[in-house]
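Me: I am new to this structure and would like a close look at a single part of it. Please take the salt bridges and the small sheet beside some of them, and go through them in one connected answer.

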Amino acid sequence: MHWLAIRFSTLALVTLGAIITVALAAMDSAWWLWAAIPLLALFCLGIYDLVQTRHAIRRNYPILGNLRFLFEAIRPEIRQYFLEDDTQAAPFSRAQRSIVYQRAKKEIDKRPFGTQKDVYDDRYEWINHSLAPAHVADSDFRITVGGPDCTQPYSLSAFNISAMSFGALSANAVLALNEGARLGNFAHDTGEGGISSHHRKPGGALIWNIGSGYFGCRDEQGHFSPEAFVRNACTPQVKMIEIKLSQGAKPGHGGILPGAKVTAEIAAARGVAIGQDCNSPAGHSAFDSPIGLMRFVARLRELSEGKPVGFKMCVGHPWEWFAIVKAMLETGITPDFIVVDGAEGGTGAAPVEFVDHVGTPLREALRLVHNTLVGVNLRDRIRIGASGKIITAFDMARAMAMGADWCNAARGFMFAVGCIQAQACHTDKCPTGVTTQDPLRQRALVVPDKARRVANFHDNTLHALAELLGAAGLTHPGELRPHHIARRISPSEVRLLSSLFPELAPGELLEGKFRHQVFEVNWAMARADSFQPARDITASIARESRPPEPVPA
């Protein structure tokens, strides 16, 4: 009986208090109702806790058990504001968020008293400086995107807004991002949700992202529509067209936007009926093979009157990527650019297993894509973009050293427009109005102020990159190579990225030289006419991984 008294003591005390205060209110003064009403409410809650069947803890500990759910609800805020370490990235550290806020607001972004990082940690990285530093006069680094088949090449900034759709972001967030892109003369990727009126109104440069739902260029059955594509692609504001094969947040996963969430604005952007479910299949219907993908690239380039066309992907099976490269070689068709999205990317919401365990992280994926193109003598024709948790100038320098020509950021620019990493993106209850369709919540996001911050973050990050380059004795990010970045891999060993991620020689794969196992195992399995491997995967891996036979004496 002792345990029973403890479990129900709170309910007993509330019941006793309610009886006493109600009696006093009736016999003495109505002022006692200020205490009686809350106690009666708690009494009713306690009775409901006893009879409800969903939560065992509330049945066993009426009233008191509700504290568990209260503390769980405010745990992220408590952790972020009181317990979080400044350098612990989960997914972004306080230090990472702070540098964005400071640069967006043009506040002091310097740090006193030395680094907060453990420079002897196994994952610590740095850029080697030069005793003959260079002076970089202009930090507006630009890259010309457009191969030999492109008649409208685009001069792209080295730092741009990564793919985020209207619908995932609020109208005010999209307006602020695009106006910021216009002010800073850089590009804004639309995300696969189509080109909305909020993308068009400010007039900032757009990279039109086309996913498997073909939003903005689809027919009534959800298939690709050339006529609808031309109407959007040929507008002057669209500078590049990006086919989304997969994304870092949830590679290999489609999605459905329920019809209840398809407002008039979203329907207009996506080319669907109001209230109609928006289906984004896991795969494309416009092509079903690597050769088909290359022909689709060529078709979009022709329909868009020669604008740069490329694709975005999170690397999965290596042989599928090699199959795409073999299709380039067989057809003679090459994309103008490839955006490599690391598995650490992500803005909205995705299944936990996909967020944590699907897709190749950015560094390994970027190096594989770069090396493959070098190995088949196509690197000079194709530009490479990188996205995936890029926040600082050092993040950019590292990605560019690994083979990227430019970098995209999604969450970094979300921070610039006011995101506080509340991680409520999927609930429609974003506290700062960035990822909600609630008009009252997004009203808090003042577009002119946040647009200026977006431009500031872009400009100040590139300025920081220029300072890094100058310290290393370089004048342009295109000069960065893996040997410029060092990584500690143990307490007593430091390696350059060039030794951890070796460079292929031009044409090496065409000559049949496979110095690295990923090429040795997967290149022969790739076929230009199919994404399926050409031979048994297990047997191939076993054969190539077998230790060499001993040489007879």
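Reply: Glu508 has a relative accessibility of 3%, so Glu508 counts as buried in this predicted model. Its salt-bridge partner is Arg515, with 2.8 Å from N to O. Arg515 counts as exposed because its relative accessibility is 53%, the cut-off for exposed being over 50%. The pair therefore joins a buried residue, Glu508, to an exposed one, Arg515.

Elsewhere, salt bridges with shared partners connect five residues into one network: Glu125, Arg363, Asp395, Arg398 and Arg487. One of the links can be followed in detail. Asp395 and Arg398 form a salt bridge in which the closest N and O atoms are 3.1 Å apart. Both residues belong to helix α15, which covers residues 393–401. They are three residues apart, about one turn of the helix. Asp395 and Arg398 are both buried.

Two other members of the network, Glu125 and Arg487, lead to the sheet. Arg487, in β14, is the bridge partner of Glu125. Strand β14 spans residues 485–490 and pairs with β1 in the antiparallel sense, over three bridges. In general, the strands of a sheet pair through backbone hydrogen bonds, in either a parallel or an antiparallel way.

The sheet itself is open and consists of three strands, in the order β1-β14-β15, with antiparallel pairing. The edges are β1 (125–127) and β15 (493–496); each has a single partner strand, so one side of each has no neighbour in the sheet. From one strand to the next, the twist averages 30°. Helix α15 packs on this sheet and touches β1 and β14. The direction of α15 makes about 85° with that of β1. The helix that holds Asp395 and Arg398 is thus also the one packed on the sheet.

The structure holds 26 salt bridges. Another of them is between the side chains of Arg301 and Asp149, at 3.9 Å from N to O. This pair links distant parts of the chain, with the two positions 152 residues apart: Arg301 is in helix α11 (residues 290–303), and Asp149 is in the loop between β2 (142–145) and β3 (154–157). Arg301 counts as buried because its relative accessibility is 5%, whereas Asp149, at 42%, counts as partly exposed.

Terms used:
Residues are numbered from 1 along each chain as its sequence is written. This is a predicted model: local features need pLDDT of at least 70, side-chain atom pairs count only at pLDDT 80 or more; totals for chains, interfaces and linings use all residues. Side-chain values use heavy atoms; hydrogens and water are left out. A salt bridge is a side-chain nitrogen of Lys or Arg within 4 Å of a carboxyl oxygen of Asp or Glu. Helices (H or I, at least four residues) and strands (E, at least two) are DSSP runs, numbered from the N terminus. Buried means under 20% relative accessible area, exposed over 50%, partly exposed in between (1.4 Å probe, protein chains only). Two strands pair if DSSP finds at least two bridges between them. Axes are lines fitted to C-alpha atoms, for helices over the stretch in contact, and angles run from 0 to 180 degrees between N-to-C directions. Contact means heavy atoms within 4.5 Å.
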